[in-house]
Amino acid sequence: MSNHDYFFENVDQMQSAGVRPEQGWVKMDIRFVTEAMTGFDEVCLFRASFPPGAQHQKHTHPNAAEFFYIISGHGASGCAEEEHEVRAGAFELIARGVTHWLRNVGADENIELIGGY
């Protein structure tokens with residue numbers, strides 16, 4: 001629980017997280033709003049941009065469900081053994097511990113999304 005009532009920050013002006021391809025983050029720009037920044041331990045928010053060819057490879061979150069909302073772009077999202085198309089307006093919620101991934105399949109447009117866990 002936070003010791004204050006609110007937190008405000010322009011996410012577009014934040015520094016990109018130092019994620020690396022060998023950790024499954026391929027060509028992505030992701031910015032996290034975390035408990036360490038906000039003092040709120042109930043949620044972690046992120047904004048991500050996936051240029052053509054970018055992907056977040058198969059992974060799980062053992063301690064939290066994850067959600068994301070596609071603002072723009074065209075991608076392929078997978079959960080467990082299934083993969084499906086995602087476009088602007090798509091909302092996805094993945095249960096804790098379930099393998100999932102997301103990749104940009106477009107040729108010339110970034111996928112822009114927000115999400116959290």
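What follows is a short dialogue on reading the largest pocket and a salt-bridge network in this predicted model.

Me: Let's begin with empty space. How much of it lies in the largest pocket?

Reply: The general idea is that rolling a probe the size of a water molecule over the atoms shows where empty space is left. In this model, the largest pocket holds about 160 Å³ of space.

Me: Which residues lie nearest the centre of that pocket?

Reply: Look for Phe46, Phe50, His56, His59 and Glu66, which lie nearest the centre. The lining as a whole has 17 residues.

Me: And which strands supply at least two residues each to the lining?

Reply: Go through them along the chain: S2 (29-33), S3 (45-50), S4 (55-59), S5 (66-72) and S9 (100-104) each give at least two residues to the lining of the largest pocket.

Me: What is the make-up of the lining by class?

Reply: Twelve lining residues are nonpolar, four are polar and one is charged.

Me: Now on to charged pairs. How many salt bridges does the count come to?

Reply: A pair counts when a side-chain nitrogen of Lys or Arg is within 4 Å of a carboxyl oxygen of Asp or Glu. By that rule, there are six salt bridges here.

Me: Which residue does Arg31 meet in a salt bridge?

Reply: Arg31 pairs with Asp29, with 3.0 Å from N to O. Check accessibility too: the cut-off for buried is under 20% relative accessible area, so Arg31, at 13%, is buried. Asp29, at 22%, counts as partly exposed.

Me: How far apart are the closest N and O atoms of Arg47 and Asp29?

Reply: Those atoms are 3.9 Å apart, and the two residues form a salt bridge. This pair links distant parts of the chain, with Arg47 in strand S3 and Asp29 in strand S2, 18 residues apart.

Me: Is Arg47 buried or exposed?

Reply: Arg47 is buried, with a relative accessible area of 14%. Arg47 also forms a salt bridge with Glu112, at 3.4 Å between the closest N and O atoms. Glu112 lies in strand S10 (residues 111-116) and Arg47 in strand S3, so this pair ties together parts 65 residues apart in sequence. As for Glu112, a relative accessible area of 22% makes this residue partly exposed.

Me: Which residues do the shared partners join into one network?

Reply: Asp29, Arg31, Arg47 and Glu112 are joined into one network by salt bridges that share partners.

How values were computed:
Residues are numbered from 1 along each chain as its sequence is written. This is a predicted model: local features need pLDDT of at least 70, side-chain atom pairs count only at pLDDT 80 or more; totals for chains, interfaces and linings use all residues. Side-chain values use heavy atoms; hydrogens and water are left out. On a 1 Å grid over the protein atoms alone, a cavity is a set of points where a 1.4 Å probe fits but cannot get out, and a pocket is an open set with protein on both sides within 12 Å along at least five of seven lines; lining residues have an atom within 4 Å of a point. Grid points are joined across faces, edges and corners, and a volume is the space filled by probe spheres set on the points. Helices (H or I, at least four residues) and strands (E, at least two) are DSSP runs, numbered from the N terminus. Ala, Val, Leu, Ile, Met, Phe, Trp, Tyr, Cys and Pro count as nonpolar, Asp, Glu, Lys and Arg as charged, and the others, Gly among them, as polar. Buried means under 20% relative accessible area, exposed over 50%, partly exposed in between (1.4 Å probe, protein chains only).
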